[in-house]
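Colleague: Please pick one part of this model and look at it closely with me. I'd like to follow it outward from there into the rest of the fold, taking your time over the neighbours.

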Amino acid sequence: MEIENYFSNRATVRDYSDREVSNEVINGILEKAMRAPTCGNMQLYSVVVTRDNTNKEKLAALHFNQPAATGSNLILTICADFNRFSRWCELSEASPCYSNFHSFIMAATDAIIYAQQIVTIAELEGLATCYLGTVNYTAKEISDLFLLPELVVPVASLSIGYPTDAPPVKTERLPLEAIVHLEHYRKDSDKEIKSLFKTKEEWPDNKRFVKENDKKTLAQVFTDIRYPLKTNETVSQTFINLLQEKGFI
């Protein structure tokens, strides 16, 4: 695949074929992805590969049995991991000092960069991927399922497999001027903000979401249905509790 075409046309895929992703293929991708940037070259991440059907069913349930999880050949759970590095310090006559929120941010950043590197390499090699955002909602349960030790927290999940013949469904994106600020943060007017979101609001799928949820605007779909205050607060507190349990705060 030509690099330019890939980046211009890539899309998330949620439907996979029955073709198996071999251990050789996935290990090759995971190893290549390890060239991703990493804080202090510490590589503060680990990945749990779930392929066994029984374990995949348990994990898919924690991702609310969404089709991208139940229909994938395997699921990768990428974890922020300061456990391995801290143990190495202890074994090397050094005192680890990573039981703090700053260290979690470093490890989470490493893990997310690694996850995106996996996505890019996998898709360039003909596979398809989908981020499972539900990892944030059930991080505690996923942690228990995987027996994650202190200073290890799941931060990203990817379903991965070979795509079906059906073309991926592309979604809308904001225009470049929405995200680029020259020299300082630009304060857009109300009219300019509305203009930046016009394409998103007029996207056919989004117009359908508004109608299906009996809302007046697309923004209400986000604030009232997809990411409401109560859910945000509950997930936030649950994740904070997990960070406390794992020794990051």
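Modeller: Let's begin with Ala80, whose bridge partner in strand 4 is Val153. What we have is a predicted model, in which local features need pLDDT of at least 70 and side-chain atom pairs count only at pLDDT 80 or more, while totals for chains, interfaces and linings use all residues. Residues are numbered from 1 along each chain as its sequence is written, and side-chain values use heavy atoms, leaving out hydrogens and water.

The pair belongs to a longer run: strand 2 and strand 4 (residues 152-161) are antiparallel, with eight bridges between them. Strands here are DSSP runs of E with at least two residues, helices are H or I runs of at least four, and both are numbered from the N terminus; two strands count as paired if DSSP finds at least two bridges between them. Strand 2 has another partner in strand 1 (residues 45-50), again antiparallel, over six bridges. On that side, Val47 stands opposite Ile78 of strand 2.

How much of strand 2 (residues 74-81) is covered? Eight of its eight residues are buried (under 20% relative accessible area, with exposed meaning over 50% and partly exposed in between, using a 1.4 Å probe and protein chains only). Leu74, Leu76, Ile78 and Ala80 point one way, Ile75, Thr77, Cys79 and Asp81 point the other, and both sets are buried. That fits a general pattern: in a regular strand, side chains alternate between the two faces of the sheet.

Now to the packing. The largest nonpolar core (buried Ala, Val, Leu, Ile, Met, Phe, Trp, Tyr and Cys joined through side-chain atoms within 4.5 Å) has 40 residues, and Leu76, Ile78, Phe82, Phe104, Ile118 and Val153 have the most contacts inside it. At least two residues of this core come from each of helix 2 (23-33), strand 2, helix 5 (83-91), helix 6 (101-124), strand 4 and helix 13 (229-245). The biggest contributor is helix 6, with 11 residues. Phe82 is a nice place to pause: leaving aside residues up to four places away in sequence, it touches Met42, Leu44, Tyr98, Ser103, Met106, Ala107, Leu151 and Phe248 (contact being heavy atoms within 4.5 Å). Another core lies apart from the largest one; it has 17 residues, including Tyr16, Cys79, Ala128 and Ile142.

Charged pairs come next. The whole structure holds 12 salt bridges, each a side-chain nitrogen of Lys or Arg within 4 Å of a carboxyl oxygen of Asp or Glu. One of them links Glu123 and Arg10, with the closest N and O atoms 2.9 Å apart. Glu123 is in helix 6 and Arg10 is in the loop between helix 1 (3-9) and helix 2, so this pair ties together parts 113 residues apart in sequence. Glu123 is buried, at 6% relative accessible area, whereas Arg10 is partly exposed at 28%.

Two other salt bridges sit within single helices. In helix 7 (residues 139-146), Asp144 and Lys140 are four residues apart, about one turn of the helix, and their side chains meet at 3.3 Å, N to O. Both are partly exposed, Asp144 with 40% relative accessibility and Lys140 with 27%. In helix 11, Arg208 and Glu212 are likewise four residues apart, or about one helical turn, and their closest N and O atoms are 3.1 Å apart. Arg208 is partly exposed at 37%, while Glu212 counts as exposed at 55%. Shared partners also join Lys140, Asp144 and Glu245 into one network of salt bridges.

Finally, two backbone spots deserve a glance while you have the model open. Phe64, in the loop between helix 3 (53-62) and helix 4 (67-70), has a positive phi of about 60 degrees without being a glycine. Asp214, in the loop between helix 11 (204-212) and helix 12 (218-226), also has a positive phi, near 55 degrees. Both residues are exposed, Phe64 with a relative accessible area of 53% and Asp214 with 70%.
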